[in-house]
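Here is a short tour of the model on your screen. Keep the viewer open and follow along as we go from loops to sheets, the ligand and the core.

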Amino acid sequence: MREFSGILRGGGEALSKALLIFLVFVLRCGLSKVLDLPPENLIKSISAVPVSKKRRVADFQLSIASVTEDSSSDCLAPGLHLQAQKLAERTVLQQVLKDGSEYGVKSELFSTVPKQKAVIEFSSPNIAKKFHIGHLRSTIVGNFIANLKVALGHEVIRMNYLGDWGMQFGLLGVGFQLFGNKEKLKTSPLQHLFEVYVQINKAAEDENTKKLAKDFFRKLEEHDEQTLSLWKQFRDFSIDEYIRIYKRLGVHFDEYSGESFYQEKSKEVLKMLENKGLLQKTIKGTGIVDLSEKKDLSSFSTVMRSDGTSLYITRDLAAAIDRMNKHNCDSMIYVTGKSQSNHFQHLFQILKLMGYDWVERCQHVSFGLVQGMKTRRGEVIFLEDVLNEVRSRMLQNMASAKTTKEIEDPMETAEKVGLAALIIQDFQGLLSSDYQFSWDRALQSRGDTGVFLQYTHARLHSLEQMHGNEQLTHINVACLQEPDAISVLQHLLRYDEVLYRSSQDLQPKHIVSYLLTLSHLAAVAHKTLPVKGSTPELAQARLCLFQAARSVLANGMKLLGITPVTQM
Ligand code: ARG
């Protein structure tokens with residue numbers, strides 16, 4: 001509302017008068033009837049993003065002008081016809097169909113944004129340990145950020161930084177010698193290593209096992225050939241399986257890095273810290289870096305164990321320096337849960353103390369906790385559990401809705417729709433907020449869910465199939481006079497602003513709510529604006545409208561990491 005009155009103040013008297021007339025009109029006709037949007041949405045749509053405010057105001061003035069021209073008539077539709085024509089004429093439909101997947105990203109909003117290179121680290125599970133919901137959240141959030149940046153023309157390195165080093169590999173090595181099976185390691189490495197790890201942890205109470213584990217890890221650190229070769233098998237087979245499962249999610253990585261890469265390099269980091277006078281030793285012999293302003297150790301970070309070995313943060317220091325050297329990127333993004341906020345704060349503080357100014361371009365994108373995700377088998381241990389669960393639940397829903405029979409590949413459709421449901425549930429709020437996970441809420445077919453987005457997409461697609469989806473070029477946009485058509489047109493015009501917002505704060509929720517509104521508007525239009533039985537000219541114009549809506553819907557869904565389905 002503040003921006004709204006800002007427009008009033010800035011626009012001068014004529015605009016105020018026009019606004020007044022417009023508001024009277026709104027009260028008389030009911031804006032929701034005309035635009036199928038609650039009034040606050042209209043105001044939001046006028047004032048969405050500062051950069052393009054000028055254009056929004058211009059659109060607004062246009063709509064006022066067109067309304068006032070006809071303010072004498074009962075229902076002001078002719079004015080709106082003019083508005084629709086003008087809006088549409090000013091390219092929106094043509095633009096959407098012409099630009100295809102690039103619609104919105106070619107907007108002038110992005111013309112001054114320089115193209116940059118970003119390293120985005122996400123997912124980063126720990127070998128032999130659980131792939132918990134936090135890893136899933138990191139995977140879909142990181143994938144979204146990468147997709148968005150790529151769509152906007154930036155260069156992106158997708159990086160997975162595996163938890164592939166540390167004492168747990170000592171235990172795992174000993175465990176494998178006791179309970180391991182080479183065949184199982186090949187066929188289902190994640191499951192097998194996890195089981196071995198659980199077993200050896202139970203056994204690790206006794207001193208002998210502990211000693212063996214220590215020895216194994218020491219040999220690993222000393223690069224003993226046999227030990228290293230077993231560890232490498234753990235890692236390689238695990239990555240093969242990760243790649244296969246990420247594929248089901250539609251996610252890929254350009255680089256599989258990991259903590260193991262930085263074992264040696266963290267020694268160099270410790271030396272650098274020492275040379276710069278930043279490393280202090282405690283009485284117990286651990287190495288710390290003072291992070292307090294007053295240098296009174298009121299805040300510090302431990303970077304070295306008393307035996308001289310490195311810690312998680314030391315490896316991260318080495319990894320950050322290496323990433324910057326190797327990729328010379330404009331930004332470095334880490335996507336993890338907010339429980340690691342402190343860790344990344346310390347990491348960035350130490351890098352700054354070391355004199356790396358590029359730390360200003362490092363960013364921790366954190367997210368909140370997800371509670372209560374369980375599968376029918378119980379606790380979630382592997383990513384694959386989640387994927388299988390969502391697929392089977394969705395298949396069941398589809399079977400009870402009796403749609404499965406006509407679908408070519410119900411399993412695949414169920415998987416894509418189910419994933420859309422998970423992603424939309426996750427992306428609906430601010431990333432930093434915690435939420436309670438619910439299969440039922442996520443998988444509802446009506447309301448603000450991924451299922452609804454997929455359903456709308458499939459319906460619009462079959463409409464095109466039914467009426468032929470040849471290139472629609474000579475469209476008389478003046479035919480699109482109904483308020484329900486205008487609502488869609490106006491909404492399509494806003495897509496670039498929503499992309500802009502998300503590109504600024506890296507929050508997917510702007511795109512999510514945009515797509516949900518688009519789907520609702522398209523669903524209404526689909527009901528009230530039949531193609532069948534209309535004159536050829538009108539039918540063509542409406543088809544074009546629906547095609548444009550589907551195209552933008554598909555573009556937005558893909559950015560979020562959803563594969564739109566054509567049947568369901
Ligand atoms: N493997 C870590 C975990 O599961 C996440 C790694 C995050 N990235 C980093 N550079 N520290 O908690």
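Let us begin at Leu297, which counts as partly exposed because it has 13 C-beta neighbours inside 10 Å. For this count, C-beta atoms are placed from the backbone; a residue is buried if 20 or more other C-beta atoms lie within 10 Å of its own, exposed if 12 or fewer, and partly exposed in between. This is a predicted model, where local features need pLDDT of at least 70 and side-chain atom pairs count only at pLDDT 80 or more, while totals for chains, interfaces and linings use all residues. Residues are numbered from 1 along each chain as its sequence is written.

Leu297 belongs to the loop between strand S5 (287-290) and strand S6 (300-304). Helices (H or I, at least four residues) and strands (E, at least two) are DSSP runs, numbered from the N terminus. Although Leu297 is not a glycine, its phi is positive, at about 60 degrees. Ser124 is not a glycine either, and its phi is positive at about 45 degrees. The table puts the two residues together.

| Residue | Positive phi | Loop location |
|---|---|---|
| Leu297 | about 60 degrees | between S5 (287-290) and S6 (300-304) |
| Ser124 | about 45 degrees | between strand S1 (117-121) and helix H7 (133-151) |

The strands beside Leu297 are part of an open sheet of 3 strands, in the order S4-S5-S6 with antiparallel pairing. Two strands pair if DSSP finds at least two bridges between them. At the edges are strand S4 (279-281) and S6, each pairing on one side only. From one strand to the next, the twist averages 40 degrees; the angles are taken between N-to-C directions, from 0 to 180 degrees, with axes as lines fitted to C-alpha atoms. S5 and S6 share 4 bridges, and Val289 has Ser301 in S6 as its bridge partner.

Now turn to the second sheet. It is open as well, with 5 strands in the order S3-S2-S1-S7-S8 and parallel pairing. Strand S3 (255-258) and strand S8 (362-367) form its edges, each pairing on one side only. Here neighbouring strands are turned by 25 degrees against each other on average, direction ignored. S1 is largely enclosed by the rest of the structure, because 4 of its 5 residues are buried. It is joined to strand S2 (residues 155-162) by 5 bridges, and Glu121 is partnered by Met159 in S2. Strand S7 (residues 331-337) is joined to S8 by 6 bridges, with Ile333 opposite Gln363 in S8.

Which residues surround the ligand? They are Glu121, Ser124, Asn126, Tyr161, Gly163, Asp316, Tyr334 and Thr336, where a residue is near if its C-beta atom, placed from the backbone, lies within 6 Å. By class, this shell has 2 nonpolar, 4 polar and 2 charged residues. Ala, Val, Leu, Ile, Met, Phe, Trp, Tyr, Cys and Pro count as nonpolar, Asp, Glu, Lys and Arg as charged, and the others, Gly among them, as polar. Ser124 is buried, with 23 other C-beta atoms within 10 Å.

Finally, the largest nonpolar core has 129 residues, and Leu172, Leu492, Leu545 and Ala549 have the most contacts inside it. Such a core is a set of buried Ala, Val, Leu, Ile, Met, Phe, Trp, Tyr and Cys residues joined through C-beta atoms within 7 Å. Helix H23 (residues 536-560) gives the largest share, 13 residues. The core lies between domain 2 (101-111 + 383-560) and domain 3 (164-253), because both give residues to it; the domain bounds come from an automatic or database domain assignment.
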